[in-house]
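Reader: I have a model open and I'd like to learn how to read it feature by feature. Can you walk me through it?

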Amino acid sequence: MSDTLWWQHGTIYQIYPRSFQDSNGDGIGDLEGIRQRLPYLTWLGVDAVWISPFYPSPMADFGYDVADYCDVDPIFGTLEDFDRLSTDIHAAGMKLVLDFVPNHTSNRHPWFQESRISRDSAKRDWYIWRDPAPDGGPPNNWISNFGGSAWQFDEATGQYYYHAFLKEQPDLNWRNPEVRWAMHDALRFWLDRGVDGFRVDVIWHLIKDQELRDNPINPAYEPHQRELNRLLEVHSCDQPEVHEVIAEMRAVLEEYDDRVLIGEIYLPIERLMAYYGSDLKGAHLPFNFQLLQSAWDARHIDSLIQEYETALPEGGWPNWVLGNHDQARIADRLGPDQARVAAMLLLTLRGTPTLYYGDEIGMVQVPIPPERVQDPWEKNEPGLGFNRDPARTPMQWDDSDRVGFSNAEPWLPVDHREPTRNVAAQKQDRSSLLCLYKQLLELRRQRKALSVGRYRPVTAEGDILAFRREHEGESILIVLNLGSAAHRLMLDEGTRGRVVLSCLGRKAGEEISGALEISANEGLIVDLTN
Ligand code: TEU
Ligand code: CA
């Protein structure tokens, strides 16, 4: 597919490295473990692997608190392990995307250590330091994403520093050009080693209001919501100057061939679009999290797809995400039947799909006993439903004691509740969710209409969502039943086709004409022949 780039027609698979495969028996996944499992990813048919952070880190936020941008944490291995992994990923014809965490460092990063020593430290301005308010309290009302004030008082110099996440994750000051240069060097370090791109953590946070003005009160706030919602994040993120910072990062990637810049951005569509950058010189793929955040309702999803398609800038490439390490598992949110429909939706929409490890076997939220909680967010704000551990448990390779993940006690509990919710069992069963994913990925590779074709809405009635994908005379109809009742869908006069794939195993080749009977929880891919 020479007319599109790998990150346009390919599929991205996210690995949370602590939980994919342990190779040295310490109960924690590592880079060598990922390497050993590459044959699985090749078999499955994904095109790129994005690995969550594996840099040296005190692990206050499991690697999203980086203490050295240019090395590998001993828990995950060594730079040699990284090079071996990278070589094998490329030898398998796949691409490698790293997680880049530029908004904040660990409080143990040497830059921060130097910054905090004195008010006139050479690195003082690399972070965001301010005097206390007249009453001695924090400089403004901003709230940390993980609860409490976003400001931490530091005795040594009598000032506060800003942290949008944990106090162990001080925010860098991206208004300072030295910070930009240092971070560009970190990007080049990995680009020179052959990585194919970056998923950039909280990219919309990089620039904050220059005057650090108070965020306004959210008039729609209700007491049961997260404390963060008390305020509107008007001044603490999504500032106009962020786009210049992103364009500079993009320019660093442009020094190399064929690399991708993916931005993690939780913003409404109309704000999200700006992250493609003016003249598309921003992120190649500002993550589109709408499927993670919306009600599972045909009309609603139909309108959000259309809204997205319409809002995209000319030449901007779409993308869709069904799960990640911060969100509840899709199979848990929708149940096992609709998880199949969701797989078909993700892999038939126009735009680059990102899959989260384990979703392809229908992994669900795993209960975490209080004494085994790991997520710092849950520890900060217990019992409010923010625990991310249940979606980060070890990949279920087989039905053995430690699910094939490790030969020691894993860092998070493994799930044994369902004997077939693992790779080994589902590989054997052609009707499994895993085999459905594999078939969908194969079809997406074979049929250009599915990977790069135009999107055309057909209908959204009741629980039925239908659309077409079209490319150079090829026309494919996708019909998804998001409900639990069978339905008869009337097609336009003269519409004829053949079933290519049903997520319920209906026979391929079945002829369709005029009307289409769709079972409860069924998704259908139909080749249109007229
Ligand atoms: O997440 C950023 C982020 O905004 C999420 O915490 C988000 O607020 C929430 O999950 C929405 O439901 C990124 C990483 O993905 C996350 O794992 C890190 O903890 C965080 O940044 C800090 O680096
Ligand atoms: Ca290990």
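Reader: Let's start broad. What percentage of the 530 residues of the protein count as buried?

Author: Keep in mind that this is a predicted model. For burial, you count C-beta neighbours within 10 Å, and 20 or more makes a residue buried. By that count, 48% of the 530 residues are buried.

Reader: And what does the radius of gyration say about the overall build?

Author: Set the value against what a compact globule of that length would have. For 530 residues that is near 24 Å, and the protein has 24 Å, so the two agree. Along the principal axes, the C-alpha atoms fill a box of roughly 75 × 50 × 50 Å. Inside it you'll find 15 helices and 19 strands. Also look at sequence separation: among contacts between residues at least 6 apart, 65% join residues at least 24 apart.

Reader: Into which domains is the protein divided?

Author: Check whether a domain is one stretch or several. Domain 1 is pieced together from 6-105, 176-213 and 242-441, while domain 2 covers 110-162 and domain 3 covers 452-528. The centres of domain 1 and domain 3 are 30 Å apart, taken over C-alpha atoms. Their contact takes 21 residues from domain 1 and 20 residues from domain 3.

Reader: Which elements give two or more residues to the domain 1 side of that contact?

Author: Those are α1 (6-9), α10 (298-311), α11 (330-346) and α14 (433-446). As for the chemistry, that side of domain 1 divides into seven nonpolar, seven polar and seven charged residues.

Reader: How do I read the site of ligand 1? Which residues surround it?

Author: List the shell, then sort it by type. Around ligand 1 sit Asp61, Tyr64, Val101, Asn145, Phe165, Asp201, Val202, Glu264, Tyr266, His325 and Asp326. Sorted, the shell gives five nonpolar, two polar and four charged residues.

Reader: Now backbone oddities. Where is Asp279 found, and is Asp279 buried or exposed?

Author: Look at phi, then at the surroundings. Asp279 has a phi near 55°, a positive value in a residue other than glycine. Asp279 is in the loop between α8 (269-272) and β9 (285-286). Asp279 counts as exposed because it has 9 C-beta neighbours inside 10 Å.

Reader: What about Asn521: buried or exposed?

Author: Phi of Asn521 is near 60°, again positive in a residue other than glycine. Asn521 lies in the loop between β18 (515-518) and β19 (523-528). With 23 other C-beta atoms within 10 Å, Asn521 is buried.

How values were computed
Residues numbered from 1 in each chain as written. Chains lettered and ligands numbered in written order. Predicted model: local features only at pLDDT ≥ 70, side-chain atom pairs only at ≥ 80, totals over all residues. Near = placed C-beta within 6 Å. Nonpolar A, V, L, I, M, F, W, Y, C, P; charged D, E, K, R; others polar. Helix = DSSP H or I, 4+ residues; strand = E, 2+ residues; numbered from the N terminus. Buried ≥ 20, exposed ≤ 12 C-beta atoms within 10 Å, placed from the backbone. Rg over C-alpha atoms; globule rule 2.2 N^0.38 Å. Contact = placed C-beta atoms within 7 Å. Domains from an automatic or database assignment.
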